[in-house]
Amino acid sequence: APFTSKTPLSFCQYNGSVCCNATEDLKLRNQFKSMNVSVSACASRCDQFSAELYRIDSAQRTVPVLCNSSISTSSSQSQQAKVDYCAEVWDKCHNVAIINSPFALQAKGGIQINSTSKLTELWQSKDAFCDEFGGASDDGATCFNGGPVLLNSSENISPPSGICLEKIGNGSYLNMVAHPDGSNRVFLSNQAGKLWLAMVPEQGSGETLGIDESNPFLDLTDEVHADAALGLLGIAFHPNFQQNGRFFASFHCDKVRWPGCSGRCSCNSDIGCDPSELSSDNGARPCQYHSVITEFTTNSTTLNLSLVSQIRPVEVRRILTMGLPFTSHHGGQILFGPKDGYLYFMMGDGGGSGDPYNFSQNKRSLLGKIMRLDIDTIPSAKDISEFDLWGNYSIPKDNPFYEDHELLPEIWAMGFRNPWRCSFDSERPSYFLCADVGQDQYEEVDIVTKGGNYGWRIYEGPLLYNLSNYSEANNSSNPINAIFPVMGYNHSSLNKAEGSASISGGYFYRSMTDPCLYGRYLYADLYADVIWAGFENPKGSGNFTTDQLAVKCAQDSPIQCNAEPELTSPALGFIFSFGQDNKKDIFILTSNGVYRIVRSSRCNYTCSRENVTDFTAPGSDVDPPSFSPSSGSKFSSPLTLQI
């Protein structure tokens with residue numbers, strides 16, 4: 001993640017945010033000098049935000065992906081395609097010696113490189129060369145066209161006027177997942193352990209969410225232990241669900257109540273923790289409660305899985321079981337990576353004020369981590385023994401463990417307190433954003449990257465958690481290299497009367513329903529009727545500006561959503577989570593019901609990009625309100641104890 005360098009860089013001279021420090025910059029300069037490039041046209045130097053150029057999330061490369069002409073003319077990169085930079089590199093550089101260049105490091109096995117070796121000796125033609133090094137992308141930041149990213153070409157973008165909502169359901173849910181068949185149906189689940197299949201109505205139809213709560217798609221209430229921060233916290237469908245019918249759930253169980261709830265305790269001797277020394281937490285003994293990921297299947301005889309309306313609560317396979325030291329901070333969300341197909345599992349620090357055992361910074365603990373698991377490959381007995389696996393999964397070959405053997409092999413990123421709702425950007429899948437709940441000071445949103453350390457418990461957001469951590473934070477012999485959040489807010493700026501704050505992560509808005517929200521990352525707080533929108537500018541820089549947006553309810557909402565008839569600011573209650581359907585419309589899941597973001601004109605907001613000629617909103621003479629937190633009362637909910 002980008003940061004501001006304390007020392008100016010001498011080789012890659014950029015202003016503002018950078019991605020390497022002065023030591024790494026010097027290393028690059030020395031590497032460049034050692035190449036002794038004889039043709040100046042072959043001596044391109046720096047691209048500041050180059051992680052995607054090297055595809056570090058899949059396979060290691062020594063040469064960046066070079067833009068070529070295999071891109072469609074309708075793409076935003078069509079201008080780059082006209083350059084065909086890969087062909088240009090070949091034309092200018094195929095007779096240049098490559099002895100110390102990155103091309104030599106990526107040469108095919110068995111070919112000897114000497115001081116006179118040229119590209120033509122390794123690749124017989126321009127086509128062969130560009131087959132290996134050329135590439136195109138739907139995102140202009142992921143292939144190199146010969147020039148650096150223009151970091152200072154910021155757009156002057158005005159924030160949206162506000163967010164217009166309609167209420168389409170009264171139920172309270174924690175999870176929403178779009179049906180894998182691409183239809184207008186979604187799956188909704190609650191904390192207690194039930195999952196429903198629901199029909200999302202067309203906008204403007206005046207209809208409500210089509211859901212029959214008496215007939216759940218899956219009922220896990222016999223297995224799930226729901227209490228305060230415990231329950232069914234994550235659902236995910238296999239990327240090939242339409243072919244294999246595989247479905248996954250992440251929930252908590254009580255080993256006293258359910259014999260199937262049994263696994264290793266995450267407080268163990270490997271990390272210097274003795275569960276017998278821990279006191280009871282909310283009446284539960286250490287590791288009485290477990291985090292479980294389990295697999296189910298439609299087990300249907302029909303070839304069309306879109307017709308399946310119910311599945312049996314019978315486990316096909318237990319993926320992972322882990323005993324929990326305390327009764328909070330368990331994350332619980334599961335997601336499949338859109339590019340790699342692996343299962344990501346978000347886990348908090350296990351609870352206790354200030355992470356008392358420093359689990360989040362312990363590389364031998366799975367607490368306070370995001371894990372990345374291969375659930376398609378059955379582990380061998382050798383792998384189970386060698387990696388000391390916690391369940392029935394394999395380790396992806398490019399997990400950080402293969403570069404840092406101090407890490408447990410499951411770990412993708414570390415240093416989290418309680419990641420509450422993560423998402424991959426549907427337009428730029430390399431953008432994996434997670435909201436992480438703070439302790440006393442700061443709520444944060446992070447761009448999660450391979451092997452990243454996000455600082456907790458040494459840092460809370462960008463702030464030292466307490467002064468006693470100063471020496472640990474500045475330990476030059478063993479630096480944690482914390483990656484600071486790209487968005488967030490201080491507790492002091494929110495709900496001073498309640499004294500509570502707990503972030504709920506959302507999505508990049510990719511629907512054209514409200515084009516003025518397009519490309520902004522939306523997030524909220526559990527305790528406040530507040531939604532923030534973060535906008536990255538310049539694109540690809542990691543620099544976000546955020547705006548707190550007014551929220552208003554459409555007067556023609558299918559379900560009345562105002563606290564009082566004369567008010568237009570909706571009483572959302574507790575904001576638990578966000579959802580996204582197959583149309584990329586965004587939904588807000590709250591204690592008071594299900595809300596959908598709709599066209600801004602329905603709330604009399606102005607969006608210059610919206611065509612409103614075919615739509616007239618009733619009550620359009622209502623003046624837009626100035627934003628203030630809702631005056632509607634909030635009722636008691638088990639999740640108020642969540643953080």
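# Questions on a predicted model

Modeller: The structure, a predicted model, holds 31 aromatic pairs.

Biologist: How are the rings of Tyr357 and Phe359 arranged as a pair?

Modeller: The ring centres of Tyr357 and Phe359 lie 5.6 Å apart, and their planes meet at 10°. Planes under 30 degrees apart count as stacked. The pair of Tyr357 and Phe359 is therefore stacked.

Biologist: Which of these is buried, with a relative accessible area of 2%?

Modeller: Tyr357 has a relative accessible area of 30% and is partly exposed. Buried means under 20% relative accessible area. The buried residue, at 2%, is Phe359.

Biologist: How many residues apart in sequence are the parts that the pair of Phe416 and Tyr454 ties together?

Modeller: Phe416 and Tyr454 form a stacked aromatic pair, 5.1 Å centre to centre with 25° between the planes. Phe416 lies in the loop between strand 18 and strand 19, and Tyr454 in the loop between strand 21 and strand 22. Both Phe416 and Tyr454 are buried. Because the two residues belong to these two loops, the parts that the pair ties together are apart in sequence by 38 residues.

Biologist: Which residue has its ring under the charged end of Lys552?

Modeller: A charge sits over a ring if NZ of Lys or CZ of Arg is within 6 Å of the ring centre and within 35 degrees of the ring normal. The charged end of Lys552 is 5.5 Å from the centre of the ring over which it sits. That ring belongs to Tyr605.

Biologist: Is strand 21 largely enclosed or largely open?

Modeller: Tyr442, Glu444 and Asp446 point one way from strand 21, whereas Glu443, Val445 and Ile447 point the other way, and all are buried. Thus 6 of the 6 residues of the strand are buried. By the rest of the structure, strand 21 is therefore largely enclosed.

Biologist: Which residue in strand 21 is the bridge partner of Leu433?

Modeller: Strand 20 (residues 432-436) pairs with strand 21 in the antiparallel sense over 4 bridges. A hairpin of 5 residues joins strand 20 to strand 21. The bridge partner of Leu433 is Ile447.

Biologist: Which residue in strand 24 stands opposite Glu443?

Modeller: Strand 21 also pairs with strand 24 (residues 487-490), in the antiparallel sense and over 4 bridges. In strand 24, the residue opposite Glu443 is Tyr489.

Biologist: Which element gives the most residues to the largest nonpolar core?

Modeller: Of the 35 residues in the largest nonpolar core, Leu320, Ile375 and Tyr393 touch the most other members. Elements that give two or more residues to this core include strand 15, strand 16 and strand 17. With 3 residues, the element that gives the most is strand 14.

Biologist: How many residues does the second, separate core have?

Modeller: Among the members of the second core are Ile447, Val486, Tyr523 and Phe574. This core is separate, and its number of residues is 26.

Biologist: What separates the C-alpha atoms of Leu373 and Ile395?

Modeller: Leu373 is found in strand 17, and at 0% relative accessibility it counts as buried. Leaving aside neighbours within four places in sequence, the contacts of Leu373 include Ile319, Leu320 and Tyr393. Leu373 and Ile395 are 22 residues apart along the chain, and their C-alpha atoms are separated by 5.8 Å.

Biologist: Within what arc do the buried residues of helix 6 fall?

Modeller: In helix 6 (residues 126-133), Phe129, Cys130 and Phe133 are buried. Seen down the helix axis, these buried residues line one face, because they fall within an arc of 90°. On the other side of helix 6, the exposed residues are Asp127 and Asp131. The arc asked for is 90°.

Biologist: Which residue does a cis peptide bond join to Trp456?

Modeller: Most peptide bonds are trans. The bond after Trp456 is cis, with omega about 10°. The residue joined to Trp456 lies in the loop between strand 21 and strand 22, and is Arg457.

Biologist: What is the approximate phi of Asn282?

Modeller: Asn282 lies in the loop between strand 12 and strand 13. At 67% relative accessibility, Asn282 counts as exposed. Its phi is positive in a residue other than glycine, near 55°.

Conventions: Residues numbered from 1 in each chain as written. Predicted model: local features only at pLDDT ≥ 70, side-chain atom pairs only at ≥ 80, totals over all residues. Heavy atoms only, no water. Buried < 20%, exposed > 50% of the residue type's maximum accessible area, 1.4 Å probe, protein only. Pairing = 2+ DSSP bridges. Core = buried A, V, L, I, M, F, W, Y, C linked by side-chain atoms within 4.5 Å. Phe/Tyr/Trp six-rings, centres within 6.5 Å; stacked < 30°, edge-to-face > 60°. Arc of directions from axis to C-beta. Contact = heavy atoms within 4.5 Å.
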